[in-house]
Amino acid sequence: MVLSSVPAQLNGSRPAGREAAILLAPGSSDRSHILALLRLGDFSQDAFLATDTDGAIVYMNRSAERLFGYRRGAAIGLPVGRLLPDVHEVNARLDEEGARSTLLWRGCGQHRQSGPLALAGAATHIPSPSGRSHLYVMRQRRAGLGDGDRDRQAELASLVYRNTSEGMLVLDSKGVILDVNPAFVSLRGRAEADVVGQHVRCLNSPCHDREFYRAVWRTVLETGSWQGEHWGQHANGELYPEWLSINTSFTEDGEVHRRVMIFSNIAEIKQAEAIIWKQANFDRLTDLPNRQMFHDRLEQSIRKARRSGGRIGLLFLDLDRFKEINDTLGHAMGDELLKEAARRLSACVRQSDTVARLGGDEFTVLLDDVREPRDIERLTRAILRSLAEPFHLGVETVFVSTSIGVTFFPDDATDAETLLNNADQAMYSAKADGRNRSRYFTVSMQERAQTRMRLVNDLHLALDQHQFTLDYQPIVDLVSGQVIKAETLLRWHHPLRGLVPPTEFIPLAEETGIIRPLGDWVFCEATRQAAEWRQRFRQDIQVSVNISPAQLRQEGLDFAFWGSHLNTLGLPPQQVIVEITEGLLIDSGDDRIRHQLEAFRETGVQVALDDFGTGYSSLSYLRKFGIDFLKIDQSFVANLHRGSADHALCEAIILLAHKLGLRVVAEGIETARQYRLLADAGCDYGQGYLFSRPLDPRAFEILLGAEADLRPI
Ligand code: C2E
Ligand code: MG
Ligand code: MG
């Protein structure tokens, strides 16, 4: 720091007590005067330091103690350079000016703990017989503030105080309100005259107890400030959340001068926070806790159960056939159904249990303190019964049921994720066992799930590694007995597990999306085969391929690719049939699927409805979508005998289909009797072990080449 002598006044305020310094000179005759002056020095706001001829401190007043952070006893005797590092330069200047001179200076000081200080002051010699001692008077310099600056700052502060939207009030050191700003008046609805002169405790709100206020003020007394959330009360009694900060301004001697309280209304912020919290944790449709909240509660329950040694029950529910209802009656009705299902579920459980909606038609129930796993039985029965009751949605009445998976902590797993997986697997097994029931998680379920996962991994490689082949099952004209069509059936030759049935891997391929490339491969290979057989055997041979709904959903099929493939092969599209299932038509609330089906028809590819009778069996769909063939599901054919209900049904289906211009294929014909009944009913084509099992291409060619009549004798 550069020292400079300040010729004029020291920023407009001269340090007091310079005269006293002269009287302090050692050797002065009147000691009592000196002592009196020393006492007075303690009342000066300026810091005093006096040194002996060696430059050691011999006196410091109270202000100097505060300024430099030393107790007087600790400073006396220290070289003054410790407190005033630039002191040598000051002294040198003084020496230059002569023995009786007084020098105004600016320089730096050193606080014992907090380091450098910017100082301004005066210094003078005290002549004594043994040399020169010095007296320094100084105060801390506030950076860059002149009087003009200070006035402007005061003006600004007042402007802010008057116009801010934060309520402010000023207290004296005893807590008496001295002033409030306009924002405070409107925030609290209390007139200035009403509160000024009162103790601040008149603002205490009934939301906080005495202990709260005691703790607040204890902190203010100790540290000078406090801040935190506080419930403020309007004069009309209304309570609102506010952010309260309390700060203190001190006099130069460290006494409390004023306290300032600032009140910010945070009701809106709180409200927004609450909304955000609710959105993040609750399901908007049903008002039930959502997945996020459910996870939190599950973790919390696990922690509690670990401590107490208790047991938790976890139920995973999935409504049966909800998608069909949603798609046929529309999403608004679907939403109503979910809301009602949520209400019924909540009514089945205790207040302390958590019912959550994970998404879609999936719900969970979390039960703390389950004594016996079997205790759950009563609850699952109640839920199944309650959800099986009819749902009245506007003018419609619909029926759904639910499948429930049950698992326990700590019996089945000890962490949240595994528990949820277990419950999910158990739910799947309830579905697989025929829906509308509950299943407990078992280890074998877990093993099945693991096998499934391994299979999914293997499935990813299978196409590239040429593990798939196609079998062809002859479809026979029931009048001539000739093979005139073939259904393509996909086969997976797993390197370790051998032949994996399509009923096992097609659902996995659908879930993982592998069905898209796999379906394309099946189509290309089957049509290539058909084109070859067309050349070598029958001009009119038709080959059908099964299409998964998953192939048509999302971006759909690449018709341009399929079309150009047929073109390249020179195979007329009419010789290709795609087999779709009824579920797909029900999905057609989705326009995309309808367009996809229309696109097939436009290219000339024919469409067969597979497994007819197992789903909705709605004949109106057949007309709407322009289906060419109808395949009666093998479950009808299996128990076919004269005069049975299935016989009547088959006859009715065939009759109606013919009226609608469709031809009928019966699946799963295994006996001559079945064949005869169906042929008599006018069924057009048949497929089943009676005629032939699915064959590899070479075996199929032999059959085709023989042009045999496959009808039983
Ligand atoms: P699906 O389309 O209904 O195929 C007929 C199923 O019935 C075939 O089973 C066939 O082997 C079997 N079957 C034929 N005749 C008889 C009979 O007389 N008695 C009995 N009990 N069964 C008979 P597979 O080959 O196991 O195929 C099962 C299902 O897998 C197929 O049912 C089809 O939905 C699906 N699938 C097969 N290949 C493909 C494919 O390439 N793509 C897609 N998306 N699905 C396929
Ligand atoms: Mg089929
Ligand atoms: Mg079928």
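Asp283 sits in the loop that joins helix H10 (267-281) to helix H11 (291-308), where helices (H or I, at least four residues) and strands (E, at least two) are DSSP runs numbered from the N terminus. The model is predicted, so local features need pLDDT of at least 70 and side-chain atom pairs count only at pLDDT 80 or more, while totals for chains, interfaces and linings use all residues. Residues are numbered from 1 along each chain as its sequence is written, chains are lettered from A and ligands numbered from 1 in the order in which they are written, and side-chain values use heavy atoms, with hydrogens and water left out.

Asp283 is buried, with a relative accessible area of 14%; buried means under 20% relative accessible area, exposed over 50%, and partly exposed in between, with a 1.4 Å probe and protein chains only. Asp628, in the loop between helix H23 (619-625) and strand E25 (629-632), is likewise buried, with a relative accessible area of 14%.

The table lists polar contacts, each a pair of N or O atoms within 3.5 Å; within protein, one must be able to donate a hydrogen and the other to accept it, and residues adjacent in sequence count only if both atoms are side-chain atoms.

| Group | Partner | Distance |
|---|---|---|
| Asp283 side chain | Thr286 side chain | 2.5 Å |
| Asp628 side chain | Val607 backbone nitrogen | 2.8 Å |
| Ser548 polar side-chain atom | ligand 1 nitrogen atom | 3.2 Å |
| Glu667 side-chain N or O atom | ligand 1 oxygen atom | 3.2 Å |
| Tyr689 backbone N or O atom | ligand 1 oxygen atom | 2.9 Å |

The protein covers 82% of the 790 Å² of accessible area that ligand 1 has on its own, as given by the Shrake-Rupley method with a 1.4 Å probe. Around ligand 1 stand 23 residues, of which the closest are Glu487, Asp610, Gln634, Glu670 and Tyr689; to count, a residue must have a heavy atom within 4 Å of the ligand. Strand E20 (483-494) gives the most to this shell, with four residues.

Helix H14 (residues 375-388) has 14 residues, which at 1.5 Å a residue should span 20 Å, and this agrees with the 21 Å between its end C-alpha atoms; the expected span is 1.5 Å times one less than the number of residues. The buried residues of H14 are Ile376, Leu379, Thr380, Ile383, Leu384, Ser386 and Leu387. They lie on the same side of H14, because they cover an arc of only 170° around the axis, taken from the directions from the helix axis to the C-beta atoms. On the other side of H14, Arg378 and Arg385 are exposed.
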